[in-house]
Amino acid sequence: MKVLIACEESQEVCKSFRAKGHEAYSCDVLPCSGGHPEWHIQDDVLNHLDGWDLIIAHPPCTYLSRAGCRWLYPNHILNEERYKKGLEAKEFFLKLLNAPCNKIVVENPHPQKIYDLPKESQIIHPWQFGHKFKKATHLWIKGLPLLMASGIVTPEYYIDKKGIRHTKLNGWSAKKKSKTFPGIAKAMAEQWGRVKNTENISND
Ligand SMILES: C[S@@+](CC[C@H](N)C(=O)[O-])C[C@H]1O[C@@H](n2cnc3c(N)ncnc32)[C@H](O)[C@@H]1O
């Protein structure tokens, strides 16, 4: 299969599909950090949406995610500039979700209600794929089955400097947090890489 991993510089998902024999490419405006520049398209992904059998996209979530809500309403007043950036991020998200391809997955955290994104197909966590963390990841899936858990583990607590218990990724940099967990990338390649080009599955 020809696979595009849109908005991916780590190449985690790209490399998992390559390991399964697919012709996969990552695409990001940044250079890749995954060690395979020959599989990386460094450009605006909107210039590269044609001709793929499968697209998996990880668009930026800074302005869309519910975690950014406090910046959208500082002192309970809508920050118009930030709202406009959120609308632009929504437009980008929808261009990826509506790309000319039968099999598409878009990944993002829980979005803010105000942007009225379509309903996600499923919500996954790293602890379902062998990593001891909670991080709700929403998937919008077209033409493919839902992603099945590949190795359920119990999320581990850790105690921060203030003595607070966490299972989440507190303390990780935004960049580190945004990288796809290897267990999830592997499950995507194993499960979605098996779906035949001619199959078109609906989750509705
Ligand atoms: C939330 S991060 C996803 C990171 C990804 N999960 C990974 O493991 O590399 C969003 C990524 O989208 C990239 N990006 C933003 N706008 C883009 C565009 N127009 N075309 C391609 N990539 C873009 C950013 O540089 C960033 O790496």
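Two strands pair if DSSP finds at least two bridges between them, where strands (E, at least two residues) and helices (H or I, at least four residues) are DSSP runs numbered from the N terminus. The structure on screen is a predicted model, in which local features need pLDDT of at least 70 and side-chain atom pairs count only at pLDDT 80 or more, while totals for chains, interfaces and linings use all residues. Residues are numbered from 1 along each chain as its sequence is written, and side-chain values use heavy atoms, with hydrogens and water left out.

**Stop 1: strand 1 and its partners**

Select residues 2-6, which form strand 1, and then add residues 23-28, which form strand 2; the two pair in the parallel sense over 5 bridges. To follow that pairing residue by residue, pick lysine 2, whose bridge partner in strand 2 is glutamate 23, and then valine 3, whose bridge partner in strand 2 is alanine 24. Between strand 1 and strand 2 the chain passes through helix 1 (residues 12-19), and this β-α-β crossover is right-handed, a term used if, with the strands pointing away from the viewer, the path from the first strand over the helix to the second runs clockwise.

Keep strand 2 selected and add residues 40-42, which are strand 3; strand 2 and strand 3 run parallel and are joined by 3 bridges. Here serine 26 stands opposite histidine 40 in strand 3.

Now return to strand 1 and select residues 54-57, which are strand 4, since strand 1 and strand 4 also pair in the parallel sense, over 4 bridges. In this pairing isoleucine 5 stands opposite isoleucine 56 in strand 4. From strand 4, move on to strand 5 (104-108), with which strand 4 pairs in the parallel sense over 3 bridges; the bridge partner of isoleucine 56 in strand 5 is valine 105.

**Stop 2: what is covered**

Is strand 1 mostly covered or mostly uncovered? It is mostly covered, with 4 of its 5 residues buried, where buried means under 20% relative accessible area, exposed means over 50%, and partly exposed lies in between (1.4 Å probe, protein chains only). Strand 4 is covered on both faces, for Leu54 and Ile56 on one side and Ile55 and Ala57 on the other are all buried. Select isoleucine 55 in strand 4, which has a relative accessible area of 0% and is buried. If you then draw a C-alpha to C-alpha distance from isoleucine 55 to glycine 34, the two are 19 Å apart in space and 21 residues apart in sequence.

**Stop 3: the loop after strand 1**

Select cysteine 7, which is found in the loop between strand 1 and helix 1. Most residues other than glycine have a negative phi. Phi of cysteine 7, however, is near 60°, a positive value, and at 18% relative accessibility this residue counts as buried.

In the loop between strand 1 and helix 1 you will also find glutamate 9, which counts as buried because its relative accessibility is 10%. Show its side chain together with that of serine 33, as a polar contact of 2.7 Å joins the two; such a contact is a pair of N or O atoms within 3.5 Å, of which, within protein, one must be able to donate a hydrogen and the other to accept it, and residues adjacent in sequence count only if both atoms are side-chain atoms.

**Stop 4: the cavity**

A search of the whole structure finds 1 cavity of 30 Å³ or more. On a 1 Å grid over the protein atoms alone, a cavity is a set of points where a 1.4 Å probe fits but cannot get out, whereas a pocket is an open set with protein on both sides within 12 Å along at least five of seven lines, and lining residues have an atom within 4 Å of a point. The largest cavity has a volume of about 100 Å³, a volume being the space filled by probe spheres set on the grid points, which are joined across faces, edges and corners. Select its lining, which includes His58, Glu107, Thr137, Phe181 and Met188; strand 7 (137-142) and helix 5 (182-192) each supply at least two of the lining residues.

**Stop 5: the second largest pocket**

Finish at the second largest pocket, which holds about 190 Å³ of space and has among its lining residues Arg66, His110, Asp116, Lys119 and His138. Aspartate 116 lies in the loop between strand 5 and strand 6 (122-124); its phi is near 50°, a positive value in a residue other than glycine, and it is exposed, with a relative accessible area of 59%.
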